[in-house]
Amino acid sequence: MSMLWDTLSAVGELVGAFAVVASLVYLAALIRVQNKESKIASMHEISIAHREAVAAICDGPMADIFAKAMKDFDSLSSADTLRIIGFVYRFFKIWEEAYFQYKANRLDFTIWDSMTRQYTAYLSMSPFKRIWELRSEYVAPEFRDYVNSRKPVDLILPNSISNRGGSKG
């Protein structure tokens, strides 16, 4: 009889061990799915923020302010200077957030690389360059070093809005 209880006990332990392993496998799969969903949500949020910021420059008064700043930043009124600083700084904060999301492996390389190339090109535009000089101290040092290490890229714009080659005014 003792042998039967020993056998049943061993079988019970084996079933229990199997149940623990199965639970751990299930939990690992669940965490993997959640991580993937979190990464997708992060990419989506960054993309939305970027699209909204770009759309804001194309519409309404901000487009006029930005065009003026491209020609002669110093000619902006005090109110327009504040508007464009806040507007461009928002781009930098989106890029900074994307940087840390990428470092945390929550942003896909394809999206990160595309954003970085575009933001680096934005830095060739006088308003972005000027505001980076004014506000770069207000971002994380690691991100600031990253941006400052980027090789400048020319953003080709029509002469009508470019700060190069056109007349001032």
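I began with D113 and R117, whose side chains meet in a salt bridge at 3.1 Å, N to O. The model I am reading is a predicted one. Both residues lie in helix α4. They are 4 residues apart, about one turn of the helix. I checked the accessibility of D113 next. D113 comes out at 27% relative accessibility, so I log D113 as partly exposed.

**Other salt bridges**

How many salt bridges does a search of the whole structure find? The search gives 7.

I looked up K68 and D80. They form a salt bridge, with the closest N and O atoms 3.8 Å apart. K68 sits in helix α2, residues 60–72, and D80 in helix α3, so this pair ties together parts 12 residues apart in sequence. Is D80 buried or exposed? D80 is buried, at a relative accessible area of 12%. K68 counts as partly exposed, at 43%.

Then I took E137 and R144. Their side chains meet in a salt bridge at 4.0 Å, N to O. I note E137 as exposed, with 59% relative accessibility. R144 has 14% and counts as buried. I also looked for shared partners. K68, D80 and R83 are joined into one network by salt bridges that share partners.

**α3 against α5**

Next I turned to helix packing. Helix α3 covers residues 78–103 and helix α5 residues 126–135. Their axes come within 10 Å and cross at roughly 85°. I therefore describe α3 and α5 as roughly perpendicular to each other, since angles of 65 to 115 degrees count as such.

Which residues of α3 make the contact with α5? I listed I84, I85, V88, Y89, F91 and F92. From α5 come P127, F128, I131, W132, L134 and R135. By class, I have 11 nonpolar residues, no polar ones and 1 charged in this contact.

**α3 against α6**

I repeated the lookup for α3 and helix α6, residues 141–149. These axes also come within 10 Å, and they cross at roughly 105°. α3 and α6 are therefore roughly perpendicular to each other.

On the α3 side I found F92, W95, E96, Y99, F100 and K103. They meet E142, F143, Y146 and V147 in α6. How many charged residues does the contact of α3 with α6 have? I noted 3 charged, 7 nonpolar and no polar residues. F92 appears in my α5 list and again in my α6 list.

**Aromatic pairs**

I searched the whole structure for aromatic pairs and got 20. A pair of aromatic rings is described by the distance of the centres and the angle of the planes.

I opened F91 and Y122. This pair is edge-to-face, 5.4 Å centre to centre with 90° between the planes. It links distant parts of the chain. F91 is in helix α3 and Y122 in helix α4, residues 109–122, 31 residues apart. I checked how accessible each one is. F91 is buried, at 1% relative accessible area. Y122 is buried too, at 10%. F91 is also one of the α3 residues in contact with α5.

My other pair was Y102 and F109. The ring centres are 6.4 Å apart and the planes stand at 50°, so I call the pair tilted. Y102 is partly exposed, with 28% relative accessibility. F109 is partly exposed as well, at 48%.

**Q101 and N105**

I looked up Q101 in helix α3. Is Q101 buried or exposed? Q101 is buried, with a relative accessible area of 17%. What does Q101 touch, leaving aside its neighbours within four places in sequence? I found S42, I46, R106 and L107 in contact with Q101.

Last, I stopped at N105. Where is N105 found? I placed N105 in the loop between α3 and α4. Its phi is near 60°, a positive value in a residue other than glycine. N105 is exposed, with 56% relative accessible area.

Notes. Residues are numbered from 1 along each chain as its sequence is written. This is a predicted model: local features need pLDDT of at least 70, side-chain atom pairs count only at pLDDT 80 or more; totals for chains, interfaces and linings use all residues. Side-chain values use heavy atoms; hydrogens and water are left out. Axes are lines fitted to C-alpha atoms, for helices over the stretch in contact, and angles run from 0 to 180 degrees between N-to-C directions. Helices (H or I, at least four residues) and strands (E, at least two) are DSSP runs, numbered from the N terminus. Angles under 35 degrees count as roughly parallel, over 145 as roughly antiparallel, 65 to 115 as roughly perpendicular and the rest as oblique. Contact means heavy atoms within 4.5 Å. Ala, Val, Leu, Ile, Met, Phe, Trp, Tyr, Cys and Pro count as nonpolar, Asp, Glu, Lys and Arg as charged, and the others, Gly among them, as polar. Rings of Phe, Tyr and Trp (its six-membered ring) pair if their centres lie within 6.5 Å; planes under 30 degrees apart count as stacked, over 60 as edge-to-face and the rest as tilted. Buried means under 20% relative accessible area, exposed over 50%, partly exposed in between (1.4 Å probe, protein chains only).
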